[in-house]
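Let's take a walk through this model together, starting from the inside and working outwards. Keep the structure open beside the text and turn it as we go.

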Amino acid sequence: MTDFKDRERAEEAKFAMDEETAFKVAARRNRLLGEWAAGLMNLTQEETDAYKKAVVQADFEEAGDEDVIRKLLGDLTAAECDVSEDEIRAKLEEMTIEAKRQFMSES
């Protein structure tokens, strides 16, 4: 019985760690996306820092990436940047890989 409980606790700990890692990678990805978009909009460094935080916050609106994509598309369109939803989705995938790479290199 103890072996089963130990295994159960280990699985729960692994799940929690995996979820925390996924959260940190997504937040880093969103900061990278915010920095990319801020560059397209020619924001100042101060505005870029604030915008990166706003993109991270946008991810809390709903599950999945649609809220981030919607924010970026809306902001880039309002700033008259010629960027399509497909380009944003491609950049999201690229930044996901980069965020994972950065996170793994720090661990």
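Helices here are DSSP runs of H or I with at least four residues, numbered from the N terminus. With that in hand, we can place V25 in helix α1. Please bear in mind that this is a predicted model.

V25 is a good place to begin. With a relative accessible area of 9%, V25 is buried, because buried means under 20%. Setting aside residues up to four places away in sequence, V25 touches T96, A99, K100 and F103. If you would like a distance to orient yourself, the C-alpha atoms of V25 and E66 are separated by 17 Å, with their positions 41 residues apart along the chain.

Now for the nonpolar interior. In soluble globular proteins, nonpolar side chains tend to be buried together. In this model the largest nonpolar core has 20 residues, and the members that touch the most others are L33, W36, A37, Y51, L72, L76 and I88. Helices α1, α2, α3 and α4 (85-106) each supply at least two residues of this core, and α1 gives the largest share, with 6 residues. Pick out L76 and look around: beyond its neighbours within four places in sequence, L76 is in contact with W36, A37, L40, M41, C81, V83 and I88.

How do α2 and α3 cross? Their axes come within 8 Å and cross at roughly 140°, which makes α2 oblique to α3. On the α2 side the contact is made by Y51, A54, V55 and A58, and on the α3 side by D67, V68, K71, L72 and D75. Sorted by character, the residues of this contact comprise 6 nonpolar, no polar and 3 charged. Y51 and L72 deserve a second look, since they take part in this contact and also belong to the well-connected members of the core listed above.

While you are at helix α2, find T48, which has its place there. T48 is buried, at a relative accessible area of 8%. Apart from neighbours within four places in sequence, T48 is in contact with E35, A38 and L43.

Next, look for aromatic rings. The structure holds 1 aromatic pair. F23 and F60 form this pair, which is stacked, at 6.1 Å centre to centre and 25° between the planes. F23 lies in helix α1 (residues 2-40) and F60 in the loop between α2 (45-58) and α3 (66-78), so the pair ties together parts that are 37 residues apart in sequence. F23 counts as partly exposed, at 48% relative accessibility.

Let's finish on the outside. I97 is found in helix α4 and, at 61% relative accessibility, counts as exposed. From I97 to K52 the distance is 18 Å, C-alpha to C-alpha, and the two are 45 residues apart in sequence.

Which backbone angle is worth checking in N42? Its phi is near 55°, a positive value in a residue other than glycine. N42 sits in the loop between α1 and α2, where it counts as exposed at 67% relative accessibility. E80 has a positive phi too, near 60°, and is likewise a residue other than glycine. You will find E80 in the loop between α3 and α4, exposed with a relative accessible area of 73%.

Conventions:
Residues numbered from 1 in each chain as written. Predicted model: local features only at pLDDT ≥ 70, side-chain atom pairs only at ≥ 80, totals over all residues. Heavy atoms only, no water. Phe/Tyr/Trp six-rings, centres within 6.5 Å; stacked < 30°, edge-to-face > 60°. Buried < 20%, exposed > 50% of the residue type's maximum accessible area, 1.4 Å probe, protein only. Axes fitted to C-alpha atoms, helices over the stretch in contact; angles between N-to-C directions. Parallel < 35°, antiparallel > 145°, perpendicular 65-115°, else oblique. Contact = heavy atoms within 4.5 Å. Nonpolar A, V, L, I, M, F, W, Y, C, P; charged D, E, K, R; others polar. Core = buried A, V, L, I, M, F, W, Y, C linked by side-chain atoms within 4.5 Å.
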